[in-house]
Amino acid sequence: STNSRYKLTLVSPRRLAGASAAALGGLCLWSARVDPSEQPESTARSIAIVLQSLTAGLAGSLHRVDPAARPAVLARAVRDASSGLAVHLCGVSHVDPASATAVRAYAEALAAAPGGLGAVAVEDEPRALLLTRAARAALHGLPPERIRAEGEGLVRHALFGLAEVHAWAAEAGATLDGAERVPLSPTLARHLRGEGVLWGLEQAEAAEAAEELGARVACLGGTPAPPPHVPLLTRLAYWLR
């Protein structure tokens with residue numbers, strides 16, 4: 001599915017589990033850095049990325065898969081050539097609670113293996129992860145029907161109780177005088193009301209599991225901005241990547 005498959009990384013001391021990046025089916029992993037002296041090649045690469053990503057994404061959106069038949073997590077172990085660390089890349093779903101369960105089980109299995117678990121890297125930046133973990137705690141154990149009915153209010157109340165949220169509001173020149181004033185992203189609110197699930201639950205679950213297992217939590221922080229002064233087509237390819 002083009003809007004629900006993501007890569008999450010689990011790491012171990014000698015088996016580092018590492019990187020998380022949004023993925024579309026058939027995604028090219030070419031570098032998006034642009035050297036003006038290589039403009040023709042960069043443009044060709046940009047065109048290839050746009051065509052491959054868009055066509056794969058459209059094909060994925062049209063292909064319907066029975067949720068019961070879809071794996072909760074897709075894992076692949078690779079070894080970093082420079083450090084020799086083992087990196088476990090986990091493809092997960094932001095909206096499938098089974099992915100959160102599977103990620104925790106995968107982390108626990110790595111921690112019990114020789115070498116242990118050194119770190120877990122998630123896609124979010126630290127601020128977003130803090131909010132998702134607070135929302136997870138507020139909704140933990142509730143069935144989907146209750147989350148659909150009460151989820152938005154419970155999450156707003158949980159975020160209102162965070163000192164960091166009030167500090168961020170003050171930085172923006174706003175005052176939160178009640179939980180109902182706490183804004184939620186449209187994506188988060190839509191999935192709470194619709195499927196009764198917390199968007200990004202697997203990242204919060206991975207972070208909780210890492211701390212319980214004594215492993216470091218690393219935030220990859222989302223997609224970096226494209227280099228300045230590059231053509232629009234290249235910027236589009238960079239975003240798709």
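1. Let's start with Trp168, which sits in helix α5 (helices are DSSP runs of H or I with at least four residues, strands are E runs with at least two, both numbered from the N terminus). Setting aside neighbours within four places in sequence, Trp168 is in contact with Arg127, Leu130 and Leu131, contact being heavy atoms within 4.5 Å. Its C-alpha lies 9.9 Å from that of Arg127, and the two residues are 41 apart along the chain.

2. A word on the basis. This is a predicted model, with local features needing pLDDT of at least 70 and side-chain atom pairs counting only at pLDDT 80 or more, while totals for chains, interfaces and linings use all residues. Residues are numbered from 1 along each chain as its sequence is written, and side-chain values use heavy atoms, with hydrogens and water left out.

3. The overall layout: the protein has eight helices and five strands, and from the N terminus they run β-α-β-β-α-β-α-α-α-α-α-β-α. Among contacts with a separation of 6 or more, 71% are between residues 24 or more positions apart.

4. On the surface, the protein exposes about 13000 Å², with carbon and sulfur atoms supplying 58% of it (Shrake-Rupley areas with a 1.4 Å probe; for residues, only the protein chains shown count as cover). Of the 241 residues, 38% count as buried, where buried is under 20% relative accessible area, exposed is over 50% and partly exposed falls in between, using a 1.4 Å probe and protein chains only.

5. Now the second largest pocket, which holds about 460 Å³ of space. Its lining has 22 residues, and Leu131, Leu159, Pro183, Ser185 and Leu188 are the closest to its centre. For the record, a pocket is an open set of points on a 1 Å grid over the protein atoms alone, with protein on both sides within 12 Å along at least five of seven lines; a cavity is a set where a 1.4 Å probe fits but cannot get out, and lining residues have an atom within 4 Å of a point. Points are joined across faces, edges and corners, and a volume is the space filled by probe spheres set on them.

6. Who builds that pocket? Helices α3 (126–139), α4 (144–160), α5 (163–171) and α6 (186–194) each give at least two lining residues, and α3 has the largest share, with five. The lining splits into 15 nonpolar, five polar and two charged residues (nonpolar: Ala, Val, Leu, Ile, Met, Phe, Trp, Tyr, Cys and Pro; charged: Asp, Glu, Lys and Arg; polar: the others, Gly among them).

7. Leu154 is worth a look too. This residue is in helix α4 and counts as partly exposed, at 28% relative accessibility. Outside its neighbours within four places in sequence, Leu154 is in contact with Ala138, Leu139 and Leu142. The C-alpha atoms of Leu154 and Ala135 are 7.8 Å apart.

8. Helix α7 (residues 201–212) is largely enclosed by the rest of the structure, because 10 of its 12 residues are buried. Among the buried ones are Leu201, Glu202, Glu205 and Glu208. The helix reaches 17 Å from first C-alpha to last, close to the 16 Å expected at 1.5 Å a residue (that is, 1.5 Å times one less than the number of residues). Just after α7, Gly214 takes a positive phi of about 75°.

9. Finally, there is one cavity of 30 Å³ or more. The largest cavity has a volume of about 40 Å³, and its lining includes His94, Asp96, Leu201 and Glu202. Helices α2 (97–112) and α7 each supply at least two of the lining residues.
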